[in-house]
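Colleague: I should like a close look at one loop of this protein and at how that part relates to the rest of the chain. Please set out what the coordinates support.

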Amino acid sequence: METRKHIKPTKDIYFAGGCFWGTEHYFKQIEGVAITEVGFANGHTENPTYQEVYTDQTGFAETVFVRFYPDVVSLEFLLRMFFKAIDPTSLNKQGHDEGTRYRTGVYYTDTADLPIIEKVFAEEQKNYEQPLAVEKLPLLNFYTAEEYHQDYLDKNPDGYCHLPLSLFEFARKAKEK
């Protein structure tokens, strides 16, 4: 009888955290993240290019697809890590990057994840007087960005990033308690 190797179950979530180069690199450091991919989410055109998204006319946000092993890292932990990497009260701006393409958001594909997302958003809101400017929406669409954007900071270690290098080290060491 043929035996099948046990395949670990995974879950997916999408994070828009400003420029996707740094956001992807940040999430890649977290133990339990299986795959990351940069692209464009929740816009109103088909198959957008980076040049089109850059005009802020397509409605897309630079977004990172994150596939993770929920038996290693929880969605709640990933959401908390996300909030450590963004300014959640800044509308359409992260670091020096401005425009609707740099808005922040959490886009989910499984409505069963919504109570966890709502819980973390509510807890984060307690840290700020002004309302959070982070979208919390179902994923409408996602288009993978061009290859040169994938793993950009691995390919270009001195490339631009709005996130401080210390945040990557923090993510590498972060453990769910």
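Modeller: The loop in question holds Asp 87, which is found between helix α3 (75-84) and strand β4 (93-94); helices (H or I, at least four residues) and strands (E, at least two) are DSSP runs, numbered from the N terminus. The model is a predicted one, in which local features need pLDDT of at least 70 and side-chain atom pairs count only at pLDDT 80 or more, while totals for chains, interfaces and linings use all residues. Residues are numbered from 1 along each chain as its sequence is written, and side-chain values use heavy atoms, with hydrogens and water left out.

Asp 87 counts as partly exposed because its relative accessibility is 37%; buried means under 20% relative accessible area, exposed over 50%, and partly exposed in between (1.4 Å probe, protein chains only). The side chain of Asp 87 makes a polar contact with that of Thr 89, at 2.9 Å. A polar contact is a pair of N or O atoms within 3.5 Å; within protein, one must be able to donate a hydrogen and the other to accept it, and residues adjacent in sequence count only if both atoms are side-chain atoms. Asp 87 and Val 134 are 47 residues apart along the chain, and their C-alpha atoms are separated by 9.1 Å.

Asn 92 lies in the loop between α3 and β4 as well. Its phi is near 55°, a positive value in a residue other than glycine. With a relative accessible area of 21%, Asn 92 is partly exposed.

The helix that precedes this loop is α3. Seven of the 10 residues of α3 are buried, so the helix is largely enclosed by the rest of the structure. These buried residues are Leu 75, Phe 77, Leu 78, Leu 79, Met 81, Phe 82 and Phe 83.

A second loop, between α4 (114-125) and β7 (134-138), contains Glu 129. Glu 129 counts as exposed, at 82% relative accessibility. From Glu 129 to Leu 91 the distance is 15 Å, C-alpha to C-alpha, with their positions 38 residues apart in sequence as the separation.

Strand β3 (residues 61-68) offers a buried site for examination, for Thr 63 lies in this strand and counts as buried at 0% relative accessibility. A polar atom of the Thr 63 side chain lies 2.8 Å from the backbone oxygen of Ala 61. Not counting residues up to four places away in sequence, Thr 63 touches Tyr 14, Phe 15, Ala 16, Phe 20, Glu 37, Val 38, Gly 39, Ala 41, Tyr 107 and Phe 142; contact means heavy atoms within 4.5 Å.

Further along the chain, Asp 151 lies in the loop between β8 (142-144) and α5 (152-155). The phi of Asp 151 is near 50°, a positive value in a residue other than glycine, and at 28% relative accessibility Asp 151 counts as partly exposed. Tyr 152 has its place in helix α5 and counts as buried at 16% relative accessibility. Leaving out residues up to four places away in sequence, Tyr 152 touches Trp 21, Glu 24, Gly 159 and Tyr 160. Asp 154 is also placed in α5; it is partly exposed, with a relative accessible area of 40%. Beyond its neighbours within four places in sequence, Asp 154 is in contact with His 25 and Lys 28. Asp 154 and His 25 are 129 residues apart in sequence, yet 7.7 Å apart in space, C-alpha to C-alpha.

As for the whole protein, the secondary structure comes to six helices and eight strands, which run β-α-β-α-β-α-β-β-β-α-β-β-α-α from the N terminus on. The radius of gyration is 16 Å, close to the 16 Å that the globule rule gives for 177 residues, so the protein is as compact as a globular protein of that length. This radius is taken over C-alpha atoms, and the globule rule is 2.2 Å times the number of residues to the power 0.38. Of the 177 residues, 48% count as buried. Among contacts between residues at least 6 apart in sequence, 78% join residues at least 24 apart.
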